[in-house]
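Colleague: I would like to go through this model with you, one question at a time. Please give the reasoning before each result.

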Amino acid sequence: MTNVFFPSESVGADDLYFVCYMVERIARHLKQPKKYVVNAMGHDELAKKLSLAGVLHSENPQAVEADWIESYRLLPGHYDVAKVNPSLCERIPSATQMGKVYKRLILHTLGSDEDYADGMLRVFNNPICEVIDDYNCSAYYEPSPYIARSYYAGGF
């Protein structure tokens, strides 16, 4: 993906990871599904954040989170991924872990005509995210190729 601010530079997988991580943080903080966050931002704003990720990753994540929540007027909801059955899930994965899961899924399924922002919108709006984000099941820690095959198959 080409950087929208500096067309001679590329946006890399680490930049995608950072934005996926921030989307995860914001979604958890607001108790909203990730699709709410990415849809509120839209393609062009996601492309900008991906292009700025190299700089934003050195900022305080709480400040970045607060800035995005305010900038995109994101509202709290009731979708709480942390609410799990303790007998099935002793500890939920961290936002950084889930950022990596989604980065890998986007990279494994990215079409030749898509950029990272397109991939984020496509993946986070897919119903498979509800399964991956259900920490009472094992989907989130399955190997990346298996998650990608499940994405293409329409479920686990």
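Colleague: Is Asn 60 buried, partly exposed or exposed?

Modeller: This is a predicted model, and the values here are computed from it. Asn 60 sits in the loop between α2 (34–56) and α3 (61–71). Its relative accessibility is 42%, and the partly exposed class lies between 20% and 50%. Asn 60 therefore counts as partly exposed.

Colleague: What distance separates the C-alpha atoms of Asn 60 and Pro 86?

Modeller: Along the chain, Asn 60 and Pro 86 are 26 residues apart. In space, the separation of their C-alpha atoms is 31 Å.

Colleague: Which residues of α3 are buried, and which are exposed on the other side?

Modeller: The buried residues in α3 are Val 64, Glu 65, Trp 68 and Ile 69. They span an arc of only 130 degrees around the axis, which puts them on the same side of α3. Elements covering these buried residues include α1 (13–30) and α2. On the other side of α3, the exposed residues are Gln 62 and Glu 70.

Colleague: How are α4 and α5 oriented to each other?

Modeller: Two packed helices are described by the angle between their axes and the distance between the axes. The axes of α4 and α5 come within 9 Å and cross at roughly 110 degrees. Angles of 65 to 115 degrees fall in one class, so α4 and α5 are roughly perpendicular.

Colleague: Which residues of α4 and α5 meet, and how many are nonpolar, polar and charged?

Modeller: From α4, the contact involves Tyr 102, Leu 105, Ile 106, Leu 107 and Thr 109. From α5, it involves Tyr 116, Gly 119, Met 120, Arg 122, Val 123 and Phe 124. By class, the contact of α4 with α5 has 8 nonpolar, 2 polar and 1 charged residues.

Colleague: Where are the buried residues of α7 placed around its axis, and what covers them?

Modeller: In α7 (residues 144–153), Ser 144, Ile 147, Ala 148, Ser 150 and Tyr 151 are buried. Their arc around the axis is only 160 degrees, which puts them on the same side of α7. The cover over these buried residues includes α4 (95–109), α5 (116–124) and α6 (128–132).

Colleague: Which exposed residues does the face of α7 turned away from its buried side carry, and which residue follows α7?

Modeller: The face turned away from the buried side of α7 carries the exposed residues Arg 149, Tyr 152 and Ala 153. After α7 comes a residue whose phi is positive, near 90 degrees, namely Gly 154.

Colleague: How many aromatic pairs are there, and of what kind is the pair of Tyr 135 and Tyr 140?

Modeller: The count comes to 7 aromatic pairs. In the pair of Tyr 135 and Tyr 140, the ring centres are 5.1 Å apart and the planes stand at 85 degrees, so the pair is edge-to-face.

Colleague: Are Tyr 135, Tyr 140 and Tyr 141 buried or exposed?

Modeller: Tyr 140 also pairs with Tyr 141, edge-to-face, at 5.2 Å centre to centre and 85 degrees between the planes. Buried requires under 20% relative accessible area, and exposed over 50%. Tyr 135 is at 1% and Tyr 140 at 15%, so both are buried. Tyr 141, at 58%, counts as exposed.

Colleague: Which residues form one aromatic cluster?

Modeller: One such cluster joins three aromatic residues. They are Tyr 17, Phe 18 and Tyr 21.

Notes
Residues numbered from 1 in each chain as written. Predicted model: local features only at pLDDT ≥ 70, side-chain atom pairs only at ≥ 80, totals over all residues. Heavy atoms only, no water. Buried < 20%, exposed > 50% of the residue type's maximum accessible area, 1.4 Å probe, protein only. Helix = DSSP H or I, 4+ residues; strand = E, 2+ residues; numbered from the N terminus. Arc of directions from axis to C-beta. Contact = heavy atoms within 4.5 Å. Axes fitted to C-alpha atoms, helices over the stretch in contact; angles between N-to-C directions. Parallel < 35°, antiparallel > 145°, perpendicular 65-115°, else oblique. Nonpolar A, V, L, I, M, F, W, Y, C, P; charged D, E, K, R; others polar. Phe/Tyr/Trp six-rings, centres within 6.5 Å; stacked < 30°, edge-to-face > 60°.
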